[in-house]
Amino acid sequence: MSTETPAAVDGGSEARPRWRFARAAVLLAVFVCAACGLVYELALVALGSYLIGDTVGQASIVLGVMVFAMGVGALAAKPLQSRAAAAFAVIELTLALLGGLSVLGLYAAFAWLDLYGPALVGTAFVLGLLIGAEIPLLMVMLQRIREQAAGSAVADLFAADYVGALLGGLAFPFLLIPVFGQLKGALLVGAVNAVAGLALVCTVFRAELSRRARLVIGASSVVVALCLGYAWITAADFEVTSRQQLYRDPVVHAERSRYQEIVLTRSVREAGHAQSDLRMFLNGDLQFSSIDEYRYHEALVHPALSGPRREVLVLGAGDGLAVREILRYPDVRRVTVVDLDPAVVALARTEPQLRELNGGAFDDPRVRVLNTDAFGWLRTASDRFDVVIADLPDPNETATAKLYTVEFYTLVRSVLADQARLAVQSGSPYFAPRSYWSIEASLREAGFAAVPYHVDVPSFGDWGFLLAAPGTVPPALEMPADAPRLRFLNPEVLRSAATFPADRPRLDVPASTLLHPRVLDYNRAEWRGY
């Protein structure tokens with residue numbers, strides 16, 4: 001049962017609409033602030049997954065630190081309750097400034113200072129501290145409008161808070177990232193955060209503000225507006241400059257697709273090379289160098305084509321370079337390319353040097369492209385293929401680690417025709433041997449027999465592959481009898497590729513599964529299990 005303060009009942013029926021409006025305004029502020037707070041959390045997680053690649057690790061750090069800091073912030077807000085309105089306004093302005101600039105600051109720390117880890121923890125803690133202070137102050141402000149039983153007031157606040165979090169959670173991936181991008185999206189949310197806090201304090205609780213508090217809040221509002229506005233105006237230039245800091249060669253193309261950041265760099269022409277070095281990076285990871293990519297793609301593709309090859313399935317390889325090698329065989333009837341990101345394929349079709357590099361592979365009528373998730377597509381695929389080329393991103397996070405699991409290879413096996421072969425790019429057996437042999441163990445557990453081999457690709461170092469076939473007898477590692485003349489691969493090179501030195505022996509490591517994925521950790525050049 002609620003009780004009403006004298007201020008709330010003074011004026012009888014005329015006062016009732018006023019306190020109802022004021023109460024609704026507080027709950028609306030809770031709703032907006034909760035949405036903004038969740039967007040800040042998601043922005044930190046998303047940025048970390050783009051820059052570091054460890055989505056689970058980044059999410060654990062951000063959420064763990066922020067939830068802890070929210071508890072500290074709730075306790076720290078207790079002395080501020082006597083000046084709840086003024087304190088809330090200052091906290092919202094500070095949160096708007098720091099939250100809005102958080103992505104910009106962390107990107108700068110990663111690009112220039114190499115301090116991303118400490119900066120992430122510090123940013124998450126400060127933002128969590130400020131977010132945690134909001135609810136206690138809003139509770140006090142709500143009770144000053146109309147005193148309620150504690151349980152009722154908490155229920156109202158938390159209901160608005162959780163619904164607002166839903167809005168923020170949906171707006172981040174489906175509105176802010178596609179329309180504004182990470183940097184401007186965070187700035188926009190910071191501005192919304194500031195407006196929501198100031199609107200509440202300067203209307204409903206204006207009478208509680210002293211002259212000094214009004215001056216401080218006004219001046220702070222101007223500073224926050226100028227900072228966020230300047231950051232918005234210079235965001236594009238900042239992103240270009242900081243991105244260039246991450247790459248050795250000039251960036252000639254950069255875009256953020258729905259799934260990843262795509263960057264092309266092009267070097268000046270070097271002595272001994274007919275053209276400049278074009279490189280593609282996805283989320284900062286090198287995909288190929290035009291100077292030596294032929295070594296990688298010849299080693300991946302041609303051994304798998306020594307046998308039936310009328311129907312070929314390519315998983316990944318949206319750059320078209322693996323497809324180029326497959327199309328060199330006139331008896332290939334159809335090549336099905338399953339690549340999640342249409343932006344990569346579009347770039348491979350249109351960027352002049354990349355198009356020249358892949359030989360216009362996607363214009364060949366034998367090629368069909370499906371922009372969908374390979375795992376999901378395999379679950380419903382009814383076609384049968386003579387050859388499968390798995391040219392997928394490295395398993396450096398759980399989203400890509402599922403593409404190297406026993407379950408995934410079991411799905412691949414279900415689409416194979418008789419005498420079919422599977423070729424898998426498997427990372428470096430030298431720099432990440434446990435990851436490499438875990439992929440081989442996963443193939444074995446899925447019912448394949450595999451032949452491991454490795455070649456030197458200067459841009460990557462020693463790089464490994466696995467050639468597999470269903471059953472217990474591994475396929476012969478050999479060149480097709482009608483193989484075209486290649487720049488690198490020949491029977492002698494392939495025989496040498498099957499030999500591993502004494503310091504890189506086969507390792508007995510567990511297979512990777514969906515429930516226990518083995519994720520490559522680039523910071524340690526190894527895998528870890530979840």
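**Exercise 1.** In this predicted model, determine in which helix Arg324 has its place, and decide whether Arg324 is buried or exposed.

*Solution.* Begin with the secondary structure, where Arg324 is found in helix 9, the element that covers residues 321-326. Next take the relative accessible area of Arg324, which is 16%. Since a residue counts as buried under 20%, Arg324 is to be classed as buried. Finally, list the contacts of Arg324 beyond its neighbours within four places in sequence: they are Glu293, Tyr294 and His297, together with Leu357, Asn358 and Ala361.

**Exercise 2.** Describe how strand 3 and strand 4 are joined, and find which residue of their hairpin takes a positive phi.

*Solution.* Strand 3 comprises residues 278-282 and strand 4 residues 285-289; the two run antiparallel and are joined by four bridges. Within this pairing, Phe281 stands opposite Leu286, a residue of strand 4. Two residues lie between the strands of the hairpin, and Asn283 takes a positive phi near 50 degrees.

**Exercise 3.** Work out the surroundings of Val337, starting from its strand and ending with its contacts.

*Solution.* Val337 belongs to strand 6, which covers residues 334-338. Its relative accessible area is 0%, and because the limit for a buried residue is under 20%, Val337 is buried. Along the chain, Val337 and Gly316 are 21 residues apart, yet their C-alpha atoms are separated by 7.0 Å. Gly316 is also among the contacts of Val337 when neighbours within four places in sequence are left aside, and the others are Val314, Ala317, Val323, Phe362, Val367, Arg368, Val369 and Leu370.

**Exercise 4.** Characterise the protein as a whole, from its secondary structure to its burial and its charges.

*Solution.* The protein has 16 helices and 13 strands, and its C-alpha trace spans about 95 × 50 × 45 Å along the principal axes. Of the 530 residues, 55% are buried, while the accessible surface comes to about 23,100 Å², with 60% of it belonging to carbon and sulfur atoms. Among contacts between residues at least 6 apart in sequence, 71% join residues at least 24 apart. As for charge, the mean positions of the 46 positive and 52 negative charges are 4 Å apart.

**Exercise 5.** Identify where the pLDDT is below 50, and state how this bears on reading the coordinates.

*Solution.* The mean pLDDT is 90, and 93% of the residues reach 70 or more. Over residues 1-12, however, the pLDDT is below 50, although this stretch has 18 contacts beyond near neighbours in sequence. Residues 522-530 also have a pLDDT below 50, with 40 such contacts in the model. Where pLDDT is low, the predicted coordinates should not be read in detail.

Definitions and conventions: Residues numbered from 1 in each chain as written. Predicted model: local features only at pLDDT ≥ 70, side-chain atom pairs only at ≥ 80, totals over all residues. Heavy atoms only, no water. Buried < 20%, exposed > 50% of the residue type's maximum accessible area, 1.4 Å probe, protein only. Contact = heavy atoms within 4.5 Å. Areas by Shrake-Rupley, 256 points an atom, 1.4 Å probe, with all protein chains shown as cover. Lys, Arg positive; Asp, Glu negative; His and termini not counted. Charge placed at Lys NZ, Arg CZ, Asp CG, Glu CD. pLDDT = per-residue confidence, 0-100. Pairing = 2+ DSSP bridges.
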